[in-house]
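Me: Please take a close look at one part of this structure and explain, step by step, how it is built and what surrounds it. I am a first-year student, so please explain each term when you use it.

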Amino acid sequence: MSEFKLDDGDLMAYLAGEASPEVVQAIESSEATLMEVNALKSLDVSFFKSQFRSNCPDTQQLLEYEVGFLSDELYAEVKHHLSNCPHCQAEVATLAEVELESESVSTLTALKSKLDELIAAGKTILDTVFVPPAPQPAFALRGEQQGVQTYQAEGYQVILSIQPPVASEKNAKVEGQLNNLDDPLTEFQGTISLYKDESLLKEEPIDTFGYFSFGNIGFGAYDLLIELSSSTLTVRDIEIE
Ligand SMILES: [Zn+2]
């Protein structure tokens, strides 16, 4: 094969699918040139983005939007942007597909392996059980109490208030409070994690007073894992519907 001299113009033409068969052959037969083409390609993509999507959230942010990692404020911003931007809508749709296809996104940790890990470390797991509400006078059975659920394990009580999503929006909110009934003045230390379909969705430090709140979540089955220094509590199968 004769040595074929390639210049940047040839590489660009190749990327655009307009190179001659000779050029295509020369590029594809050399690994070094292929690497150069790929470098050029990513430059090209970022150049394209900088020109045409300069106001768009980056891919990472769109992914975080999709999996529900964004703060309330950023979520609202991205959502507003999406309503006006077909490019980002398309990108989010692609990301959602990729997310479904991939066995596990690297940021997701399975609940089961987390529990195994805690048990192996000698931690006590307390599985809370749902406590049916006490019978209430008929006049109190309206509105506000509907989304409130109480769970208990040993001396710990977890009270959840669930605001369901409106239509198919990801705007459900779970607020809660952890109480230690044996010692109401406990100052809590630890983390609380929200799992969806057995995968970690959000994790945050628990408030000293035991308050916590998770927003921007959609329909589905959720689990809570509350890791305290002494023990770990689970609240399983919280249905948001
Ligand atoms: Zn956009």
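Reply: Strands S6 and S9 run antiparallel and are joined by seven bridges. Strands here are DSSP runs of E with at least two residues, helices are DSSP runs of H or I with at least four residues, and both are numbered from the N terminus. Two strands are said to pair if DSSP finds at least two bridges between them. In general, strands of a sheet pair through backbone hydrogen bonds, in a parallel or an antiparallel sense.

Before going on, please note that this is a predicted model, in which local features need a pLDDT of at least 70 and side-chain atom pairs count only at pLDDT 80 or more, while totals for chains, interfaces and linings use all residues. Residues are numbered from 1 along each chain as its sequence is written.

One of the bridges between S6 and S9 links lysine 196 to its partner in S9, tyrosine 222. S6 also pairs with strand S7 (residues 199–205), again antiparallel, through six bridges. Here leucine 194 stands opposite lysine 202 of S7. The hairpin of S6 and S7 has two residues between the strands, and aspartate 197 takes a positive phi there, near 45 degrees.

S9, in turn, is joined to S10 by seven bridges, and these two strands run antiparallel. A hairpin of two residues leads from S9 to S10. Among the bridge partners, alanine 221 is matched with glutamate 239 of S10, and leucine 224 with valine 235 of S10.

These pairs belong to an open sheet of five strands, ordered S1-S10-S9-S6-S7, in which the pairing is mixed. Strand S1 (124–127) and S7 form the edges; each has a single partner strand, so one side of each lacks a neighbour in the sheet. From one strand to the next, the twist averages 20 degrees. Such angles are taken between N-to-C directions and run from 0 to 180 degrees, with axes fitted as lines to C-alpha atoms, for helices over the stretch in contact.

A further open sheet has five strands in the order S2-S3-S4-S5-S8, with antiparallel pairing. Its edges are strand S2 (129–131) and S8, each with a single partner strand, so one side of each has no neighbour in the sheet. Neighbouring strands of this sheet are turned by 25 degrees against each other on average, direction ignored. Within the sheet, S4 and S5 pair in the antiparallel sense over eight bridges, and isoleucine 159 has glutamine 177 of S5 as its bridge partner.

Several of these strands also contribute to the largest nonpolar core, which has 29 residues; Val158, Leu194, Tyr195, Leu224, Ile226, Leu233 and Val235 have the most contacts inside it. At least two core residues come from each of helix H4 (59–67), strand S4 (156–163), strand S5 (172–180), strand S6 (190–196), strand S8 (211–217), strand S9 (220–228) and strand S10 (231–240). S9 gives the most, with five residues. The core lies between domain 1 (8–101) and domain 2 (111–240), because both give residues to it. The domain bounds come from an automatic or database domain assignment.

A nonpolar core is a set of buried Ala, Val, Leu, Ile, Met, Phe, Trp, Tyr and Cys residues joined through C-beta atoms within 7 Å. A residue is buried if 20 or more other C-beta atoms lie within 10 Å of its own, exposed if 12 or fewer do, and partly exposed in between, with C-beta atoms placed from the backbone. For contact between two residues, their C-beta atoms, placed in that way, must lie within 7 Å.

Valine 235, already met as the partner of leucine 224, is in contact with Thr128, Tyr151, Val158, Asp223 and Leu224, leaving aside neighbours within four places in sequence.

Lysine 202 of S7 leads to phenylalanine 69: with the same neighbours set aside, phenylalanine 69 is in contact with Glu64 and Lys202. Phenylalanine 69 sits in the loop between H4 and helix H5 (72–84). It has 16 C-beta neighbours inside 10 Å and therefore counts as partly exposed. Its C-alpha atom is separated by 8.5 Å from that of asparagine 216, although the two residues are 147 residues apart along the chain.

Helix H7 (residues 111–120) offers a contrast to the core: of its 10 residues the number buried is zero, so the helix lies largely in the open. Glycine 122, which follows H7, has a positive phi, near 85 degrees.
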